[in-house]
Amino acid sequence: MEYEEKFFNFPKELLPKEAKEGDVLKFDITIDREETKKRRKAIEDLAKDLFAKE
């Protein structure tokens, strides 16, 4: 995959089945705020357990 003058490897299985060489693809990247929140909480919980005083 090419963007400006940079090339990227992108898993073919994530592309539309009808996509072929030379097609122009559009990507819409968004932040999954709920998943981010869940992961931050999980990391904080692990850190608390790891550094908990006995």
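**Group meeting: a predicted model with one helix and two strands**

Among the elements of the protein, strand E1, residues 2–3, has the lowest mean pLDDT, at 78, whereas H1 has the highest, at 95. I begin with these values since what we are looking at is a predicted model. Across the protein, the pLDDT averages 89, and 96% of the residues score at least 70. As a general caution, predicted coordinates should not be read in detail where pLDDT is low.

Let me turn to the overall fold. The protein has one helix and two strands, and along the sequence they follow the pattern β-β-α. The radius of gyration is 19 Å, well over the 10 Å that the globule rule gives for 54 residues, so the protein is more spread out than a compact globule. The C-alpha trace spans about 60 × 20 × 20 Å along its principal axes.

What percentage of the 54 residues counts as buried? The value is 0%. As for the surface, the protein exposes about 6,400 Å², and carbon and sulfur atoms supply 54% of that area.

Next, I would like to consider one residue, Glu-21. Glu-21 is found in the loop between strand E2 (6–7) and helix H1 (33–50). Is Glu-21 buried or exposed? Its relative accessibility is 83%, and because exposed means over 50%, Glu-21 counts as exposed. Glu-21 and Met-1 are 20 residues apart in sequence, and their C-alpha atoms are 9.2 Å apart in space.

Met-1 also brings us to the last topic, the largest pocket. The volume of this pocket is about 560 Å³. It is lined by 19 residues, and the closest to its centre are Met-1, Glu-2, Leu-15, Asp-23 and Leu-25. Which classes of residue make up the lining of the largest pocket? By class, there are ten nonpolar, two polar and seven charged residues.

To close, I return to confidence: Glu-2 belongs to strand E1, the element with the lowest mean pLDDT, and Glu-2 is among the residues closest to the pocket centre.

Key. Residues are numbered from 1 along each chain as its sequence is written. This is a predicted model: local features need pLDDT of at least 70, side-chain atom pairs count only at pLDDT 80 or more; totals for chains, interfaces and linings use all residues. Side-chain values use heavy atoms; hydrogens and water are left out. On a 1 Å grid over the protein atoms alone, a cavity is a set of points where a 1.4 Å probe fits but cannot get out, and a pocket is an open set with protein on both sides within 12 Å along at least five of seven lines; lining residues have an atom within 4 Å of a point. Grid points are joined across faces, edges and corners, and a volume is the space filled by probe spheres set on the points. Ala, Val, Leu, Ile, Met, Phe, Trp, Tyr, Cys and Pro count as nonpolar, Asp, Glu, Lys and Arg as charged, and the others, Gly among them, as polar. Helices (H or I, at least four residues) and strands (E, at least two) are DSSP runs, numbered from the N terminus. Buried means under 20% relative accessible area, exposed over 50%, partly exposed in between (1.4 Å probe, protein chains only). The radius of gyration is taken over C-alpha atoms; the globule rule is 2.2 Å times the number of residues to the power 0.38. Accessible areas come from the Shrake-Rupley method with a 1.4 Å probe; for residues, only the protein chains shown count as cover. pLDDT is the predictor's confidence in each residue, from 0 to 100.
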